[in-house]
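Q: I have a structure in front of me and would like to learn how to read it. Can you take me through it feature by feature?

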Amino acid sequence: MTTSISTNRRNVNEVTCFHAPASLFENLQKVLVDLIELHLQGKQAHWNVIGTNFRDLHLQLDSLVDTAREASDTVAERMRALNAVPDGRSDTVVAGTTVPAVPSGLFSVTETVDMITLRIYAVVDTLRMVHDDVDDVDPTTADVLHAIIDALEKQAWLLRAETETT
């Protein structure tokens, strides 16, 4: 006796790929350059922070750098998954970032906390600015942005707590 099993499989010719609009890639590129810049500025601050509680902040900045670097990789890989070409070249980052430049020199713990927290929120502002447009065309990618916002806002809170008083 032969039993046939019915499946819900579609023919390969019936499968359609998601075609994202150019605006999605433009928005993700904005996020990407800001995340790369945050990663670089976090490392610059990490090398040049001085003063009381230096070591704690030095190590905490490494955590921020890791968060920004991982987030930039996630965004770039999401772009590739959607058939876009991410551009993380230094000249592209400099030309496109909304993150204020870090001055040269050494910075106290308090100056560093204020400076880097401001830069984290600049990146979060970019994420929030593009979020609704991204969500309109690709809710899956918007979920990626949600996770990055959450991680960066946590980093900002941890930094602020270094110098806040009651």
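**Salt bridges, a patch and the backbone**

A: Start with one contact: Arg 128 and Glu 153 form a salt bridge, and their closest N and O atoms are 2.6 Å apart. The pair ties together parts that are 25 residues apart in sequence, because Arg 128 lies in helix H4 and Glu 153 in helix H5. A word on the source: this is a predicted model, in which local features need pLDDT of at least 70, side-chain atom pairs count only at pLDDT 80 or more, and totals for chains, interfaces and linings use all residues. Residues are numbered from 1 along each chain as its sequence is written, and side-chain values use heavy atoms, with hydrogens and water left out.

Q: What counts as a salt bridge, and how many salt bridges does the rule give?

A: The rule asks for a side-chain nitrogen of Lys or Arg within 4 Å of a carboxyl oxygen of Asp or Glu. By this rule there are six salt bridges.

Q: How are helices and strands assigned?

A: They are DSSP runs, numbered from the N terminus: helices are H or I with at least four residues, strands are E with at least two. Helix H4, for example, covers residues 109-137.

Q: Are Arg 128 and Glu 153 buried or exposed?

A: First the scale. Buried means under 20% relative accessible area, exposed means over 50%, and partly exposed is in between (1.4 Å probe, protein chains only). Arg 128 has 46% relative accessibility, so it counts as partly exposed. Glu 153 has 29% and is partly exposed too.

Q: Which salt bridge does Asp 138 form?

A: Its side chain meets that of Arg 78, at 2.9 Å from N to O. Asp 138 lies in the loop between H4 and helix H5 (139-160) and Arg 78 in helix H2, so this pair ties together parts 60 residues apart in sequence. Both Asp 138 and Arg 78 are buried.

Q: Where does the salt bridge of Arg 69 and Asp 66 lie?

A: Both residues are in helix H2 (residues 54-81). They are three residues apart, about one turn of the helix. Their side chains meet at 2.6 Å, N to O. Arg 69 is partly exposed, with a relative accessible area of 40%. Asp 66 is also partly exposed, at 32%.

Q: How is a charged surface patch defined?

A: Patch residues have over 30% relative accessible area and no salt bridge; like charges are joined within 9 Å, and nonpolar side chains (Val, Leu, Ile, Met, Phe, Trp, Tyr) within 5 Å. Asp and Glu count as negative, Lys and Arg as positive, while His and the chain ends are not counted. A charge is placed at NZ of Lys, CZ of Arg, CG of Asp or CD of Glu. Areas come from the Shrake-Rupley method with a 1.4 Å probe.

Q: Which residues form the negative patch here?

A: Asp 132, Asp 133, Asp 135, Asp 136 and Asp 143 form it. Helix H4 gives the most, with four residues. Asp 135 lies in that helix and counts as partly exposed, at 31% relative accessibility. Asp 136 lies in H4 as well, but counts as exposed at 64%.

Q: How far is Asp 136 from Asp 56?

A: They are 41 Å apart in space, C-alpha to C-alpha, and 80 residues apart in sequence.

Q: What should I look for in the backbone angles?

A: Look at the sign of phi. Most residues other than glycine have a negative phi. Asn 53 has a positive phi, near 70°. Asn 53 sits in the loop between strand E1 (49-50) and H2 and is partly exposed at 42% relative accessibility. Asn 83 also has a positive phi, about 70°, although it is not a glycine. Asn 83 lies in the loop between H2 and helix H3 (90-96), and at 64% relative accessibility counts as exposed.

Q: What does the UniProt record list for residues 26-163?

A: The unreviewed UniProt entry lists them as "domain: Ferritin/DPS". UniProt positions are given in the numbering used here, feature names are shortened, and annotations may be inferred rather than shown by experiment. In the model, this span is 79% helix and 3% strand, and its end C-alpha atoms lie 37 Å apart.
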